[in-house]
Amino acid sequence: MIHLFNIDLNRLRYRQAESAADLAVEGIVWVDVVAPTEEELGWIRGVFHVAAEPPEEAEDIEASARIYEEGDALYLRTDFMSGRQQGYEIVPTQLAINGNRLISLHEADVPILRLMRMRMRNRDRGASHVGAMDLLLNLYAMDVEYSADALEGIHAELKEISSAVLEERRGSDTEAADFIARVAKLEELNGTIRRNLMDTRRTLSFLTREQRLGKPQVKAVQQVMRDIESLDGHTAFIFDKINFLMDAIIGFININQNKVVKIFSVAAVAMLPPTLIASIYGMNFEYMPELSQKWGYPMSLSLMLVSVVVPFWYFRRKGWLK
């Protein structure tokens, strides 16, 4: 699907392209291509003379492959976040600026691109100053805001896990395993956000270094870069909190295991005296007076019972059975 925005009589018009002829209208400032077919890629190449590639080929991570110039166009391969809490993913996106025209190609629809389309469709007046570079910078600013929202969601879930583990002290191994799985997933998501911010910083640094921005745009980039720096510090804080919670959960698992081992150890110690008594009276020496007495057997049972009860009473009083 191809979404088109063009300026007509100072108004921003929106349409969906159904043929190559729809792409040839005047004043197009943004072409957003979602899950393109080979035919649609052919339209983009033929009309705009850009190297439109399938979105899955935008996954290269080498710096030289992500930002480059070819002919009259500037190409940027970037990643945008998509999804919601516990379901975020990275969508590789190819961006191209050809003159005053921004072209974006991606396999899956991306929330910030969808939001940008919605805002631009509601903005039909005063569109004469809309430019491709302004649209690009707005996309990156919205991507940083989206990353900030995702970090807030991570922090909220970590707070919930922290309350359950440290305050309510839910101690079963099954719950602990569930907490570990949740924390590990949040750690992966936090790393994804950090990588996404790094990719955005690299692109904005390139645009600034190559002097492709006007003064107002440079100020906007500086503000976005400050936001990225603050989010970088927040991701580092979340990494520390994740490590602390992981250590705490594993510590509680070790405590539970130590409790089981302690109970077995106490039980083994408590059973030593009756075992000793039974061993003594099981030796069957000829001169053991208790063996010939009627009260010998009840006495040995009583001794064994007392030797069990007294250690357990003592251990319970000391709190060693808790």
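These legends describe close-up views of a predicted model.

**View 1. A sheet of 7 strands.** The sheet is open, and its strands follow the order 2-1-3-7-6-5-4. The pairing within the sheet is mixed. Strand 2 and strand 4 (67-70) are the edge strands, and each of them pairs on one side only. From one strand to the next, the twist averages 20°.

**View 2. Strand 1 and its two partners.** Strand 1 (residues 2-8) is joined by 5 bridges to strand 3 (residues 28-34), and the two run antiparallel. Strand 1 also pairs with strand 2 (residues 11-16), again in the antiparallel sense, over 6 bridges. Of the 7 residues of strand 1, 5 are buried, so the strand is largely enclosed by the rest of the structure. Buried here means under 20% relative accessible area.

**View 3. Bridge partners of Asn 6 and Phe 5.** Asn 6 has the bridge partner Ile 28 in strand 3. In strand 2, the bridge partner of Asn 6 is Arg 13. The bridge partner of Phe 5 in strand 2 is Tyr 14. In a regular strand, side chains alternate between the two faces of the sheet.

**View 4. Helix 3 on the sheet.** Helix 3 (residues 111-121) lies across several strands: strand 1, strand 2, strand 3, strand 5 (73-82) and strand 7. Relative to strand 3, helix 3 runs at about 140°.

**View 5. The crossing of helix 6 and helix 8.** Two packed helices are described by the angle between their axes and the distance between the axes. For helix 6 (residues 215-270) and helix 8 (residues 296-318), the axes come within 9 Å and cross at roughly 145°. This crossing is right-handed. On the helix 6 side, the contact is made by Val 266, Ala 267, Val 269 and Ala 270. Helix 8 contributes Ser 307, Val 308, Pro 311, Phe 312 and Phe 315. Sorted by class, the contact has 8 nonpolar residues, 1 polar residue and no charged residues.

Terms used
Residues are numbered from 1 along each chain as its sequence is written. This is a predicted model: local features need pLDDT of at least 70, side-chain atom pairs count only at pLDDT 80 or more; totals for chains, interfaces and linings use all residues. Side-chain values use heavy atoms; hydrogens and water are left out. Axes are lines fitted to C-alpha atoms, for helices over the stretch in contact, and angles run from 0 to 180 degrees between N-to-C directions. Helices (H or I, at least four residues) and strands (E, at least two) are DSSP runs, numbered from the N terminus. A crossing is left-handed if the near helix is turned anticlockwise from the far one by less than a right angle, and right-handed if clockwise. Contact means heavy atoms within 4.5 Å. Ala, Val, Leu, Ile, Met, Phe, Trp, Tyr, Cys and Pro count as nonpolar, Asp, Glu, Lys and Arg as charged, and the others, Gly among them, as polar. Buried means under 20% relative accessible area, exposed over 50%, partly exposed in between (1.4 Å probe, protein chains only). Two strands pair if DSSP finds at least two bridges between them.
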